Amino acid sequence: MGPNRTKGDKDPAEWMPPAKDATCTYATDWLTAKLRWKLTVDPFEARALRTIAAGCPDATVTFTTAP
């Protein structure tokens, strides 16, 4: 079963890409989408994103809010 099938609709608290070098990119892409579309983040998701971000010192999140 491929990564997309195992991921389903899970957020970063429940699933991360198996390739460790993709972790920061995945997390910043996830957060960019959340911010762009003004989507909520549950406490488990927020904690996971903070933990991941601590290991991504060079990561930058840039977004434009959707109309």
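Here are some questions and answers about a predicted model.

Q: How many salt bridges does a search of the whole structure find?
A: Let's start with the pair Lys 34 and Glu 45, whose closest N and O atoms are 3.3 Å apart. A salt bridge needs a side-chain nitrogen of Lys or Arg within 4 Å of a carboxyl oxygen of Asp or Glu, so this pair qualifies. Searching the whole structure gives a total of 1.

Q: Which helices hold Lys 34 and Glu 45?
A: The salt bridge formed by Lys 34 and Glu 45 links distant parts of the chain, with the two positions 11 residues apart. Lys 34 belongs to helix 2 (residues 23-36), and Glu 45 to helix 3.

Q: Are Lys 34 and Glu 45 buried or exposed?
A: The cut-off to use here is relative accessible area: under 20% is buried, over 50% is exposed. Lys 34 and Glu 45 both fall in the class called buried.

Q: What kind of aromatic pair do Trp 15 and Tyr 26 make?
A: A ring pair is described by the distance of the centres and the angle of the planes. For Trp 15 and Tyr 26 the centres are 5.5 Å apart and the planes stand at 75°. Planes over 60 degrees apart count as edge-to-face, so this pair is edge-to-face.

Q: Where in the chain do Trp 15 and Tyr 26 lie?
A: This pair, too, links distant parts of the chain, 11 residues apart. Both residues are buried. Trp 15 sits in the loop between helix 1 (3-7) and helix 2, while Tyr 26 is in helix 2.

Q: What kind of pair do the rings of Tyr 26 and Trp 30 form?
A: Tyr 26 and Trp 30 share helix 2 and are 4 residues apart, about one turn of the helix. Their ring centres are 6.0 Å apart and their planes meet at 35°. That angle is neither under 30 nor over 60 degrees, so the pair is tilted.

Q: Which residues do ring pairs link into a cluster?
A: The count of aromatic pairs comes to 2. Tyr 26 pairs with Trp 15 and also with Trp 30. The resulting cluster consists of Trp 15, Tyr 26 and Trp 30.

Q: Which residues does Leu 31 touch, not counting those up to four places away in sequence?
A: Leu 31 is in helix 2 and is partly exposed, with a relative accessible area of 29%. Its contacts beyond those sequence neighbours are Leu 49 and Val 61.

Q: What accessible area do Leu 35, Val 61 and Phe 63 have together?
A: These three form a nonpolar patch on the surface. Phe 63, found in the segment after helix 3 (43-54), is partly exposed at 38% relative accessible area. Together the patch residues have about 210 Å².

How values were computed: Residues are numbered from 1 along each chain as its sequence is written. This is a predicted model: local features need pLDDT of at least 70, side-chain atom pairs count only at pLDDT 80 or more; totals for chains, interfaces and linings use all residues. Side-chain values use heavy atoms; hydrogens and water are left out. Patches are made of residues with over 30% relative accessible area and no salt bridge: like charges are joined within 9 Å, nonpolar side chains (Val, Leu, Ile, Met, Phe, Trp, Tyr) within 5 Å. Accessible areas come from the Shrake-Rupley method with a 1.4 Å probe; for residues, only the protein chains shown count as cover. Buried means under 20% relative accessible area, exposed over 50%, partly exposed in between (1.4 Å probe, protein chains only). Rings of Phe, Tyr and Trp (its six-membered ring) pair if their centres lie within 6.5 Å; planes under 30 degrees apart count as stacked, over 60 as edge-to-face and the rest as tilted. Contact means heavy atoms within 4.5 Å.
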